[in-house]
Amino acid sequence: MVGRSWQMLLLGVDLSTNYGASGTEGPLTRHLHPCFSQVSSCILDGEMVGFNVEQDCIGTKGEGLDVKHLADGKDFQQCYCVFDILMLNDRVLTSLPYTQRLALLAQHLQPLSGRLIITSSQEASGKETVVEALNQAIELREEGIMLKLASSIYKPNSRSSGWYKVKPEYVDGLMDQLDLLIVGGYYGGGRRRSGVSHFLVAAASGEGHWVSVTSVGSGYSMAELASLLARLQPHWRTWDSPPPHLVLGSGGTVPDLWLPPQHSAVLQVTCWLRHGEPSFFNLHV
């Protein structure tokens with residue numbers, strides 16, 4: 001709620017004091033007042049997350065964050081991800097179609113990097129669009145996607161209102177695990193450009209050769225990634241010419257760096273199975 005005071009509820013539990021019931025003194029709420037345009041009161045649906053300031057991204061569940069007690073000046077800070085708006089200036093919006101609620105959300109809320117995130121959305125009209133969006137979410141180290149009918153209204157505590165959560169582990173027969181070797185590395189984007197954030201992994205093909213399978217870049221915490229990179233750091237080689245032991249398969253693109261097999265690490269990789277063939281991959285450390 002915006003105005004003179006804020007109220008933060010989680011499953012009916014009042015957590016206002018953890019984020020700031022006062023708009024000028026709270027660890028999170030004091031940052032949010034400029035984000036609202038022509039708003040005297042509102043009810044939002046969203047999720048509180050830990051935002052990694054250094055890496056410029058949302059922390060994963062593997063970080064073991066206690067978001068309620070995060071304080072400024074640390075590696076992570078409190079951040080609110082907004083999914084929906086249910087009331088605006090004392091007007092109840094739950095009976096409006098989802099597309100109209102999104103339009104009102106965009107009109108009255110201004111995102112603030114690391115503090116207030118409005119989740120992105122796109123129109124989908126077929127299975128291929130959904131598969132592409134889910135694959136992109138996995139590449140971005142996200143858990144999955146939500147499918148929502150554009151005409152759906154908001155129904156609290158309902159799982160049959162045209163909303164569907166899609167994660168790889170939710171679909172029977174879709175997951176399997178492979179042990180693959182890191183053979184290459186890709187630099188990240190943005191603030192992560194200076195370091196490796198994705199890996200090219202490969203399977204042994206005999207006679208000392210390795211065939212790349214795919215690139216992976218999710219499923220680990222930042223601490224796990226830092227530990228792995230510290231172990232591999234002395235052994236990276238620039239891609240001046242293709243190393244003789246590595247064959248780039250259909251699932252791999254030319255990496256920025258490569259690794260000698262004897263100095264690499266074997267990773268357990270969780271993959272999707274589509275028509276019996278591995279398709280999308282997610283690193284599990």
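**Figure 1. The whole chain: contacts that reach far along the sequence make up 58% of those with a separation of 6 or more.** To be exact, that share belongs to residues 24 or more positions apart, and a contact here means heavy atoms within 4.5 Å. You're looking at a predicted model, where local features need pLDDT of at least 70 and side-chain atom pairs count only at pLDDT 80 or more, while totals for chains, interfaces and linings use all residues. Residues are numbered from 1 along each chain as its sequence is written, and side-chain values use heavy atoms, leaving out hydrogens and water. The chain has four helices and 17 strands; these are DSSP runs (helices: H or I, at least four residues; strands: E, at least two), numbered from the N terminus. Of its 285 residues, 42% are buried. Buried means under 20% relative accessible area, exposed means over 50%, and partly exposed is in between, using a 1.4 Å probe on protein chains only.

**Figure 2. Here's the largest nonpolar core, with 23 residues.** A nonpolar core is a set of buried Ala, Val, Leu, Ile, Met, Phe, Trp, Tyr and Cys residues joined through side-chain atoms within 4.5 Å. Phe-36, Leu-44, Tyr-80, Val-82, Leu-88, Leu-109 and Leu-116 touch the most other members. At least two residues each come from β3 (42–52), β5 (76–88) and α2 (98–108), and β5 gives the most, with five. Zoom in on Val-82: leaving aside residues up to four places away in sequence, Val-82 touches Leu-44, Asp-45, Gly-46, Leu-105, Leu-109, Leu-116, Ile-117, Ile-118 and Thr-119. Apart from this core lies another one, of 19 residues, including Ile-182, Tyr-220, Leu-232 and Leu-259. In soluble globular proteins, nonpolar side chains tend to be buried together.

**Figure 3. Helix α2 has a buried face.** Tyr-98, Arg-101, Leu-104, Leu-105 and His-108 are the buried residues of α2. Seen down the helix axis, they fall within an arc of 120°, so they line one face of α2; the arc is that of the directions from the axis to the C-beta atoms. Over on the other side, Ala-106 and Gln-107 are exposed. What do the buried residues of α2 pack against? Their partners are β3, β5, β6, β7 (116–118), β8 (145–148) and β9 (163–166).

**Figure 4. Two residues with positive phi sit in the loop between β5 and β6.** Most residues other than glycine have a negative phi. Asn-89, though, has a phi near 50°, and Asp-90 has one of about 70°. Are these two buried, partly exposed or exposed? Asn-89 is partly exposed, with a relative accessible area of 32%, whereas Asp-90 is exposed at 62%.

**Figure 5. Three aromatic residues, Tyr-98, Tyr-154 and Trp-163, form one cluster.** Rings of Phe, Tyr and Trp (its six-membered ring) pair if their centres lie within 6.5 Å; planes under 30 degrees apart count as stacked, over 60 as edge-to-face, and the rest as tilted. The whole structure holds two aromatic pairs. One of them joins Tyr-154 and Trp-163 edge-to-face, at 5.6 Å centre to centre with 75° between the planes. Tyr-154 counts as buried at 16% relative accessibility, and Trp-163 is buried too, at 15%. Lys-148 lies over the face of Trp-163, 4.0 Å from the ring centre; to count, NZ of Lys or CZ of Arg must be within 6 Å of the ring centre and within 35 degrees of the ring normal.

**Figure 6. Strands β11 and β12 make a hairpin.** β11 (residues 196–206) and β12 (residues 209–216) run antiparallel, joined by seven bridges; strands pair if DSSP finds at least two bridges between them. Phe-199 stands opposite Val-216 in β12. Two residues lie between the strands, and Glu-207 in the turn has a positive phi of about 55°.

**Figure 7. Helix α4 (residues 222–232) has buried residues on one side.** Those residues are Met-222, Leu-225, Leu-228, Leu-229 and Leu-232. They cover an arc of only 125° around the axis, which puts them on the same side of α4. Ala-223, Ser-227, Ala-230 and Arg-231 are exposed on the other side. Take Leu-229, which counts as buried at 18% relative accessibility. Not counting residues up to four places away in sequence, Leu-229 touches Val-196, Phe-199 and Trp-236. Leu-229 and Gly-195 are 34 residues apart in sequence and 8.7 Å apart in space, C-alpha to C-alpha.
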